[in-house]
Amino acid sequence: MSDLRVRRTRKLLREALIELVGERGYDTVTVRDIAGRAMVNRATFYAHFDDKYDLLLDVIGDTFAPVRDNPPLPDPGVPGWLVEFLENLAARRRFYLGVLGEHGSARVREDLRVYLEGLLRGRIRAAGIEPVRARVPHEVVVAFAVSAAMGSLVWWLEQDEPHPAEQAAEWYLEMLTPGVYRALGVG
């Protein structure tokens, strides 16, 4: 019973954050706002999360899990995980614009950029891609790829009627993958 209550409370807090950020943007939302929307007291909030940023990371972590768990430089074709990831972002479009968009949080954007760059660096190392084979230093490739990914993602979410996730994934891969492979000296 207790486990069910914990899951329900955490779900209510997550949903409250998603709604509030979608309405007002991340920076203006307070723990008091989140607790009020979830109909719990602040002590209950703090029993589950350290602060609103901890809750935000919990929400974003679920959405970005496919990016963490799948290769960022896929084989030819559009991987299903990428389409599913984009569909999940589109389903929470207002929330992600409230976090990553023009009126979102600079801290969140920076932390996400650093996180994604670390993932890409790790994938390049794990693939055994030697820096001596690269046409462009790895750090430049990583910075470019992550900036392009985040910029195109925000652009896509900002559209009044976003293009289908599969189309957005195809465009992204068409623009980015050949250049990244070539810059890294692969293929």
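Which residues does Gly101 touch, not counting residues up to four places away in sequence? In this predicted model, Gly101 touches Tyr96, Arg109 and Val154. The glycine sits in the loop between H6 and H7. Gly101 is counted as buried because its relative accessible area is 5%, and the cut-off for buried is under 20%. The C-alpha atoms of Gly101 and Glu158 are separated by 7.8 Å, although the two residues are 57 residues apart along the chain.

## The chain as a whole

The protein chain contains nine helices and zero strands. Read from the N terminus, its elements run α-α-α-α-α-α-α-α-α. Along the principal axes, the C-alpha atoms fill a box of roughly 55 × 35 × 30 Å. Of the 187 residues of the chain, 40% count as buried. Contacts between residues at least 6 apart in sequence can also be sorted by separation: 68% of them join residues at least 24 apart.

The mean pLDDT of the chain is 91, and 96% of the residues reach 70 or more. Confidence is highest in H2, with a mean of 98, and lowest in helix H9, with a mean of 89.

## The nonpolar core

The largest nonpolar core has 56 residues, and those that touch the most other members are Ile34, Leu56, Leu86, Leu89, Phe95 and Tyr96. Two or more residues of this core come from each of H1, H2, H4, H5, H6, H7, helix H8 (138-158) and H9. H8 gives the largest share, nine residues.

Phe95 can be followed further. Leaving out residues up to four places away in sequence, Phe95 touches Leu17, Ile18, Val21, Gly22, Leu56 and Val59. Leu56 is itself among the core residues that touch the most other members, and both Leu56 and Val59 are buried residues of H4.

## Two helices side by side

The table sets out the lengths and bends of H4 and H9.

| Helix | Residues | End-to-end C-alpha distance | Expected span | Bend |
|---|---|---|---|---|
| H4 | 18 residues (52-69) | 25 Å | 26 Å | about 50° at Thr63 |
| H9 | 20 residues | 27 Å | 28 Å | about 30° at Leu173 |

Why should H4 span 26 Å? The helix has 18 residues and the expected span allows 1.5 Å a residue, so the 25 Å between its end C-alpha atoms agrees with that value. The bend in H4 is centred on Thr63, and a proline, Pro66, follows within four residues.

At the start of H4, a side-chain oxygen of Asp51 comes to within 3.1 Å of the backbone nitrogen of Tyr53. Tyr53 is one of the buried residues of H4, a set that also includes Lys52, Leu55, Ile60, Thr63 and Pro66. Together, the buried residues of H4 pack against helix H1 (2-24), helix H2 (31-38), helix H3 (42-48), helix H5 (80-91), helix H6 (93-100) and helix H7 (106-126).

In H9, the buried residues are Ala165, Ala168, Ala169, Leu173, Leu176, Thr177, Val180, Ala183 and Leu184. An α-helix has 3.6 residues a turn, so residues three or four places apart point the same way. The cover over the buried residues of H9 includes H5, H7 and H8. Leu173, where the kink is centred, is among these buried residues. Just after H9, Gly185 takes a positive phi of about 80°.

## Two more loop residues

Is Ser105 buried or exposed? Ser105 has 2% relative accessibility and therefore counts as buried. This serine lies in the loop between H6 and H7, the loop that also holds Gly101. The side chain of Ser105 reaches the backbone nitrogen of Val108 at 3.2 Å. With residues up to four places away in sequence left out, Ser105 touches Tyr26, Asp27, Gly98 and Val99.

Met39 is found in the loop between H2 and H3. Its relative accessibility is 77%, so Met39 counts as exposed. Most residues other than glycine have a negative phi. Met39 is not a glycine, yet its phi is positive, at about 60°.

Conventions
Residues numbered from 1 in each chain as written. Heavy atoms only, no water. Expected span 1.5 Å × (residues − 1). Bend = angle between axes of the 7 residues up to and from the residue. Buried < 20%, exposed > 50% of the residue type's maximum accessible area, 1.4 Å probe, protein only. Contact = heavy atoms within 4.5 Å. Polar contact = N/O pair within 3.5 Å; in protein donor to acceptor, adjacent residues only side chain to side chain. pLDDT = per-residue confidence, 0-100. Core = buried A, V, L, I, M, F, W, Y, C linked by side-chain atoms within 4.5 Å.
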